[in-house]
Amino acid sequence: MSRILFFFSEAFRALRRNGAPTLAAVVTTVVTLVLLGVLIPIFQTAQAKSDEVRGELNVHFALYDDATNAEIAAAKGKIEGLSDVSAVTFVSKQEALQTLKGELKDKTIVEELHTNPLPASLEVKPTDPKYLTQIEKEVMGTTDGGKADPISPAISNPFSRQQSTDKIEKVTSALKIVLTVLMALLVVASVMLVGNTIRLSIFTRRREVEVMRLVGATRWFIRWPFLIEGVVVGFLGGAVAIIILWIGKTTIVDPLSDTNSFAAAQHDATLAFPVLAAVLFGAAILVSTLGSGVTLRRFLRV
Amino acid sequence: MARLRRNKNASPEPVRSRGRRAPIIELNDVTKVYPGGHMALDRVSLSIGRGEFVFLVGPTGCGKSTLIKTLIRELDPTEGSVRIAGRDIGTMPEKKIPQLRRNIGTVFQDFKLLPNRTVYDNVAYALQVIGASRHEIREQVPATLRLVGLSTKLHNFPDQLSGGEQQRVAVARAFVNHPPLMLADEPSGNLDPVTSIGIMQLLYRINKTGTTVVVVTHDREMVDNMRRRVVELYEGRVVRDEVSGGYTEESTTEFGMRMRAEMGVGADGERKTNGHGHSLAR
């Protein structure tokens, strides 16, 4: 018991006496954690947003106006039977017009139309956007002469509301890769930065370690105070970073959520704040403790 | 008398329990070749008995420091065996090395004090390391600092002390747990002659309590005056191992008196002897 007290008092003495390196280690921890704490939700929100966009990608198959309900149901059934199709929905002429009306800024255009030129259609959602073209080919089919031969006589031609399906598909998957790489780099950089700061502060005290060994201190006797120091640095850095993040969240992100959809998206897409805080806190303590432990090994070799 | 008390103070260590009659230091054909081929020690054989006061002399680079380092297993000899109190430290598991070092007080030319600790804490650290109780620390540390004549500077930091005073702190730290063996590697190398005498006196007094003391020095004049066993190394070999100036067992008192008288620090030395006696009677 008195030994544990001794280790703690040693650790705190060292922290006090090595004010500048301690501060440097704490500040480094704070900066990296704040950076991570901001980027993790952004990463997750961007991921979720791009998934959302990809999820909206679909292909429509226009139906002949004179197709009967039975024919339409049969066509629907056939398409549902294809692989990689997740859902098929019937969109009536009326519904199509309503959607168009909702998307147009100038509503009067629709008003001025006396007839409904839009066809009824089957909206097909793939299990993944990358299957869109494959599904389209399968539904439309081709004869030997190169003419279309749809799987159902009710289907006239395919069209998609989003003209840029391919582009969106490419951009979102590129975005995913870029974000993942960035995130990985940032994590590696933070671990090295924090580890290095701790190494530096221990390096300045290698003489101290030498003297400790000389008077017959065991490795663990020397190591404990340093490890406790690491925990304290991680604790302080983690606490300050979480306070900063929390202030940032309540004063900047939350008010924005009401007006900005991207900011709002973080509500369902990202980790809950307490979870994020716990993860960052744990990481801070783990990294700084490991940092001091690993560095010490070099000086403790007899 | 002094030896008896010391035994009571010291904890029963394996080093002590193995063969009472075994010499405290026994080197057998110890050779040390550094990476790169420099031979620092060349088949050195040496035996130092308990309670001896031995000077180890020789020019710079003759292997004195290497020899000291092999004694605390800071370095492993390339060949040969080193026995401390009958125990071959070359075969000692790494875990036991701290134990070995606790039984050997070491003093260095550059003091090796912890700069961010007070005099008191520097000395106390050696006791904290061996798991001494707070009570023991509160008793031993001031007593030992009184012995080295620093009882007024307990709360100073090393950089507030003179070189001589810093070396006294180092001696106090080495002696505070009353080890059976004390090694001093050029303890007065950085000090002026008068201060050096003070440190030598201190080591002599420690020797009188029964602790074996090995002092490395290149100060030939002092060695010749002191009439103690002298081991001389030259290019890694023992070239001389003899008692200088006709050393006898009886001359121990005379040795002390000569030191006090001749070196002109008589009154001071006498006072400190009293302080020492007090600390032992505690």
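**Close-ups of chain B**

**View 1. Helix 5 of chain B against helix 7 (residues 163–175) of chain B: their axes come within 7 Å and cross at roughly 25 degrees.** Angles under 35 degrees count as roughly parallel, so helix 5 of chain B is roughly parallel to helix 7 of chain B. This is a predicted model, by the way. The crossing of helix 5 of chain B past helix 7 of chain B is right-handed. Helix 5 of chain B brings Val119(B), Asn122(B), Val123(B) and Ala126(B) to the contact, and helix 7 of chain B answers with Val169(B), Ala172(B) and Arg173(B). Sort the residues of this contact by type and you get five nonpolar, one polar and one charged.

**View 2. The side of chain B that touches chain A.** Here 17 residues from chain B meet twelve residues from chain A. Helix 4 (97–102) and helix 5 (119–129) of chain B each chip in at least two residues on the chain B side. Helix 4 of chain B gives the largest share of that side, with five residues. By type, the chain B residues touching chain A split into seven nonpolar, four polar and six charged.

**View 3. An open sheet of six strands in chain B, in the order 6-7-8-3-9-10, with mixed pairing.** Strand 6 (104–108) and strand 10 (237–243) of chain B are the edge strands, each pairing on one side only. From one strand to the next, the twist averages 15 degrees. Zoom in on one edge: strand 9 (residues 229–234) and strand 10 of chain B run antiparallel, joined by six bridges. Look there for Arg229(B), which has Val243(B) of strand 10 of chain B opposite.

**View 4. Helix 8 (residues 193–208) of chain B lying across strands of chain B.** The strands in question are strand 3 (53–57), strand 7 (181–185) and strand 8 (212–217) of chain B. Relative to strand 8 of chain B, helix 8 of chain B runs at about 155 degrees.

**View 5. Strand 1 of chain B and its antiparallel partners, strand 2 of chain B and strand 4 of chain B.** Six bridges link strand 1 (residues 25–33) of chain B to strand 2 (residues 39–48) of chain B, and one of the pairs is Ile25(B) with Ile48(B). Five residues sit between the two strands of this hairpin, and Gly36(B) takes a positive phi near 110 degrees. With strand 4 (residues 79–84) of chain B, strand 1 of chain B shares five bridges; Thr31(B) has Glu79(B) as its bridge partner there.

Conventions
Residues numbered from 1 in each chain as written. Chains lettered and ligands numbered in written order. Predicted model: local features only at pLDDT ≥ 70, side-chain atom pairs only at ≥ 80, totals over all residues. Pairing = 2+ DSSP bridges. Helix = DSSP H or I, 4+ residues; strand = E, 2+ residues; numbered from the N terminus. Axes fitted to C-alpha atoms, helices over the stretch in contact; angles between N-to-C directions. Contact = placed C-beta atoms within 7 Å. Nonpolar A, V, L, I, M, F, W, Y, C, P; charged D, E, K, R; others polar. Parallel < 35°, antiparallel > 145°, perpendicular 65-115°, else oblique. Left-handed = near helix turned anticlockwise from the far one by under 90°.
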